[in-house]
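Please open the structure in your viewer and keep the selection tool at hand. The tour below moves from one selection to the next and says what is there at each stop.

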Amino acid sequence: MNFPKIENIGFIGIIIAVILVFFFFILGFSGMMSVLGIILLFMVPFYLILDNFDLSQDEKIVFSFFIGVGIFPAITYWLGMLISFRIAILITFVILIVVGFVMRKVWKKNS
Amino acid sequence: MKINKKYLEVFIFLIVYLFALYMWTLPFQDNKVPYGEWDAISHWELGDFIAQRDRTFVNLPPFLDYSYGPDNRFKPHTLWYHPPFHTDFAIISAFSNDRMAPIYITNAIFASAILISVFFVINRLFGFLPGILSAFVLTFSMRDILPYLWGQWPERFAYAFIPLILYCFYMYYTTYSKEKSKPIYLYIMSLLLAVNVFIHPMVFFHSLVGIFVFGLVLIIKHKKIPLNFRHIGIFLLIFILLFAVFPYQSGNVIVSFFGSSTPEDKKYSPLSRLLQWSPNPKDFVGSVPESYFSFKDMHGLWTLPFLLIGLLILVVRRENRDIFLLAWLISLYLVLHRDLIGKFMFLHRSLSASAHIFVPITMVGVLSIFSFFKILKVSKSLLKYGAVILVVALTLVYNFPAAQSTLDKAYDSPFIRINSAQVEVSEWLKDNIDEDDNVSVIGPPPEIMQKVWWMASYSHRTSHYFEGFLTWGTFEENRDEVIRYHILNDYIVFDYSDIALLSDRSLVERWSTFEEQNFAGHTLLYNKDNIRVYKYELS
């Protein structure tokens, strides 16, 4: 099975909506926010980075989660020594998103 | 309307995985109060402390240092685990602005991530049906559910990395040639290995054994060694850089690995041990229930014939994908027998990885049975879907009830989850006394001791003299000393909020008499819902 392309925003939107509604019903607002946090903070930045490589859709989704849960907190942890932990989360997110976009630009330029 | 097959398969996986998460979150759907054994307390409080304090730390705060100060053998008084796992909890807790549900839901997703990685790998190598059936059956794996409930959280998550790491190795090896190769898989493997060691070092070593066995068998079969120094150099560089990011914890991994193992008498001859799959349950009486070592109770006997058929098929066929599963199985066998080289620590915990490889092999067995017979293609297809229905039915009849009842009833006793009054006083202690101050809770008898540990965790305050003070004989001998060091210095909590649960009413009398005799006239700081907090002041 190959997952549908992420470019199919409608399908991805439906999947995420189903997941969020499901968690809202079983665990309330904070349950829903937790899952949103996992997708947004751990998966999205690394998906954007892995999207620059020759990997299949499902590989990018799965690897982005398993790499994200290790690398995102590693950066946040060290930043959190110097500044507010909440701000460290935000800065880590911004850094990784920027890395993803810069890589895409550089890759495109070189190809 | 024609439904796209890809979309349908994604939706089926989504349904299975959400159902699994529904099951695995049963213990806290209706009761959002933290629960679990000692290990769970440590994992929860590490994440919660960072989120609540809004800062990370290198040196342990006093309430953690009391219990875990020596646990990092390389640099005592620092975190004994690599920080990412607990920082993940803190990130989601801060993002969701809640102390309990976010940490537990993150943990449930982490612990059940084995369903994602097994589905992904088996789907890629063997197709959708074995993949989705494996994920479905793993939902009810008691060998996963029990340690998840007991609190062995990082280990549960770390096991989900093994199939992915082996998959990356498989992809790199099988696509490797001098002219063309896909080193990205090797680099991702390096990242996954580094994250794996961050999550749980013991499982990281399991991954290394898996790569070694898999690589060796592939090299023997194909007589091909993928030796590209540039690829290997980048692979090592990524891993070493990440390993060095947390020097104290990585140092602890090295020191613990090469450090002396607790000597144990050899209980079995090497031969008899080699012929046993799991360690002897009698060696774990009191810490792990005997059923944990039983194939019947953990996997269901109905899976055994299919598991053996699956094994036979893999051994006979020996395609690369078959070798993948066999190498994974052999690596588990080797790790489970590490006691033969003197590595006894957490031996029983490696057993908890057995369903991850047994289940996919079982599904290969179920779905391959009909390949033995010469029948029409249409009939074969029908029989295959019949086998799928059979597996689902057998799982629902034999595996679902135990899993459902265990998860649904887990920690629902008022003896082990703190009540709202205890939550409130814990919050009060956290907000109103200094981080260095100690808190002693006077009174609780052993049957509700677990709640006191959770109060310590919830309040982030040291509580090294928690109870049994009035009932445990051990304190009779040094009662004066205890009073001198604790009663005179600590904040003292008298918690009568569980009186209705206690069968021994005489204890309550002693408890209240002790309070009247020793604390009358001293500063009462908190008095709510049958809980009082004092600060002893010398007159």
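**First stop: the strands**

Select B:Y491 and B:K535, and you will find that B:Y491 stands opposite B:K535, a residue of β4(B). The model on your screen is a predicted one, so the confidence values are part of the tour and come at its end. Now widen the selection to residues 491-495 and 531-535 of chain B, which are the strands β2 and β4, and follow how these two pair in the antiparallel sense over 5 bridges.

Next, add residues 523-528 of chain B, the strand β3, which also pairs with β4(B) in the antiparallel sense, again over 5 bridges. Within this pairing, B:K528 has B:I531 of β4(B) as its bridge partner. If you look at the turn, you will see that β3(B) and β4(B) form a hairpin with 2 residues between them, and that B:D529 in this turn has a positive phi of about 50 degrees.

**Second stop: the domains of chain B**

Colour chain B by its three parts, namely domain 1 (5-30 + 112-409), domain 2 (38-109) and domain 3 (420-535). For domain 1 and domain 2 of chain B, the C-alpha centres lie 27 Å apart, and the contact between these two domains takes 22 residues from domain 1 and 22 residues from domain 2.

To see the domain 1 side of this contact, select α1 (5-24), α10 (153-159), α12 (184-199) and α15 (247-258) of chain B, the elements that give two or more residues to it. Which of them gives the largest share? That share, 6 residues, comes from α15(B). Colouring by class shows 13 nonpolar and 9 polar residues on the side of domain 1 that touches domain 2, with no charged residues.

**Third stop: where chain B touches chain A**

Show both chains, and look for a contact that takes 45 residues from chain B and 38 residues from chain A. On the chain B side, at least two residues come from each of several helices, including α3 (38-53), α6 (101-111), α7 (113-126) and α11 (161-175). Select α5(B) as well, for the largest share of this side, 9 residues, comes from that element. By class, the side of chain B that touches chain A has 31 nonpolar, 7 polar and 7 charged residues.

**Last stop: confidence**

Finally, colour chain B by pLDDT, for which the mean is 90, with 94% of the residues of the chain at 70 or more. For the complex, the predictor gives an ipTM of 0.95 and a pTM of 0.93.

Notes
Residues numbered from 1 in each chain as written. Chains lettered and ligands numbered in written order. Predicted model: local features only at pLDDT ≥ 70, side-chain atom pairs only at ≥ 80, totals over all residues. Domains from an automatic or database assignment. Contact = placed C-beta atoms within 7 Å. Helix = DSSP H or I, 4+ residues; strand = E, 2+ residues; numbered from the N terminus. Nonpolar A, V, L, I, M, F, W, Y, C, P; charged D, E, K, R; others polar. Pairing = 2+ DSSP bridges. pLDDT = per-residue confidence, 0-100.
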